[in-house]
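Student: I would like a close look at a single part of this protein, followed outward into whatever surrounds it. Please take me through it slowly, in one connected answer.

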Amino acid sequence: MLHFSTQYDLLHNYLIVRVIEGKDLPPPISYDGAKQDMAHSNPYVKICLLPDQKNSKQTGVKRKTQNPIFEERYMFDIPFLEAQRRTLLLTVVDFDKFSRHCVIGKVSMPLSEVDLVKGGHWWKALVPSSQNEVELGELLLSLNYLPSAGRLNVDIIRAKQLLQTDMSQGSDPFVKVQLVHGLKLAKTKKTSCMKATIDPFYNESFSFKVAQEELENTSLVFTVYGHNVKSSNDFIGRIVIGQYSTGSSESKHWRRMLTSHRTAIEQWHSLRSRAECDRVSPASLEVT
């Protein structure tokens with residue numbers, strides 16, 4: 001069960017969602033289908049408004065408990081009429097520093113069915129998720145190529161719903177972009193680090209010198225990390241665009257760029273695990 005409350009503030013035009021507590025949370029299911037030791041659950045809650053999941057929020061992680069007390073309050077800056085058309089989605093996730101986070105269960109509530117102005121408290125049963133692995137997040141990129149200058153230009157615009165990598169303070173994400181020619185790493189650049197957010201805005205531009213005849217043998221590897229001052233940075237997710245693209249979405253973005261010289265082509269991409277990238281893209285194996 002999950003205890004939360006909702007209320008709309010008409011004076012300031014924002015929706016208030018309080019995540020209060022969980023009770024008797026089911027133990028997460030491991031990837032071999034076996035139930036894990038209940039003592040090892042480290043639950044946190046992801047909060048978003050469907051369908052577009054803009055301005056998603058995330059609670060802190062509560063260590064080793066099936067009865068977490070959150071008492072965290074979040075505000076969504078959204079007009080009242082639009083709020084009424086949204087569905088509140090609360091996803092309870094088990095944090096695992098050394099493995100994949102998995103979804104314990106979800107609660108969804110259409111806001112049209114409740115009195116937002118009056119407000120209310122809700123106890124809702126968690127619905128088991130068919131997707132037991134939490135998504136890694138999404139990355140918005142813009143690509144364009146200037147044949148006359150031989151420049152491949154990359155804009156890393158923003159990311160959303162990134163996987164949390166730190167139990168105490170969320171993530172401090174940055175993006176590393178690496179140019180690979182064939183199977184040889186040629187250049188590495190990275191964005192600045194954004195503090196304590198899972199929805200970072202970067203708006204940073206990078207330019208690589210690539211001759212037109214080399215384009216067909218070129219790959220761009222984008223890797224999102226959570227900055228960690230105490231040890232190595234935490235891998236969040238990766239995609240590869242170019243010769244050794246990691247999927248159809250990435251291949252489509254590359255083809256659109258090749259046929260639209262001088263025009264910036266913008267596209268969202270879902271991040272993939274390191275294992276998946278290494279399996280399908282030789283370029284992923286060439287970077288760190």
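**A salt-bridge network and its surroundings**

Tutor: E276 counts as partly exposed, at 24% relative accessibility, in what is a predicted model. The side chain of E276 meets that of R272 in a salt bridge, with N and O 2.7 Å apart. R272, for its part, has a relative accessible area of 19% and is buried, because the cut-off for that word is under 20%. The pair does not stand by itself, since E250 is linked with R272 and E276 in a network of salt bridges.

E250 leads us to helix α2, which spans residues 248-258 and whose buried residues are E250, H253, W254 and M257. Looking down the axis of α2, one finds these buried residues within an arc of 95 degrees, so they line one face of the helix. On the other side of α2 lie S248 and R255, both exposed. As for what covers the buried residues of α2, the cover includes the strands β9 (138-146), β10 (151-160), β14 (218-226), β15 (234-242) and β16 (265-270).

To place this part in the whole chain, it helps to know that the protein is divided into domain 1, residues 2-124, and domain 2, residues 137-286. The C-alpha centres of domain 1 and domain 2 are 30 Å apart, and 15 residues of domain 1 are in contact with 12 residues of domain 2. Between the two domains an area of about 1,200 Å² is buried, and carbon and sulfur atoms give 45% of that area. On the side of domain 1 that touches domain 2, β3 (43-50) and β4 (57-58) each supply at least two residues. The count of salt bridges between domain 1 and domain 2 is 0, whereas 3 residue pairs are in polar contact there, with both residues at pLDDT 80 or more.

One residue worth examining alongside this is S56, which is placed in the loop between β3 and β4. S56 is buried, its relative accessible area being 6%. The side chain of S56 makes a polar contact of 2.4 Å with the side chain of Q161, and another polar contact, of 2.7 Å, joins the side chains of S56 and D199. Leaving aside residues up to four places away in sequence, S56 touches I47, C48, Q161, I198 and D199.

Returning to salt bridges, the count comes to 4. Among them is the one in which the side chains of R18 and E71 meet, at 2.8 Å from N to O. This pair links distant parts of the chain, with R18 in strand β2 (residues 14-22) and E71 in strand β5 (residues 69-77), 53 residues apart. R18 counts as partly exposed at 24% relative accessibility, and E71 is also partly exposed, at 47%. Another salt bridge is formed by E82 with R86, whose closest N and O atoms are 2.5 Å apart. In that pair E82 is partly exposed, with a relative accessible area of 26%, while R86 counts as buried at 10% relative accessibility.

To come back to the starting point, E276 is partly exposed and R272 is buried, and E250 is linked with them in the network of salt bridges.

Methods: Residues are numbered from 1 along each chain as its sequence is written. This is a predicted model: local features need pLDDT of at least 70, side-chain atom pairs count only at pLDDT 80 or more; totals for chains, interfaces and linings use all residues. Side-chain values use heavy atoms; hydrogens and water are left out. Buried means under 20% relative accessible area, exposed over 50%, partly exposed in between (1.4 Å probe, protein chains only). Helices (H or I, at least four residues) and strands (E, at least two) are DSSP runs, numbered from the N terminus. The arc is that of the directions from the helix axis to the C-beta atoms. Contact means heavy atoms within 4.5 Å. Domain bounds come from an automatic or database domain assignment. Buried area is the accessible area (1.4 Å probe) that two parts lose on being put together, summed over both. A polar contact is a pair of N or O atoms within 3.5 Å; within protein, one must be able to donate a hydrogen and the other to accept it, and residues adjacent in sequence count only if both atoms are side-chain atoms.
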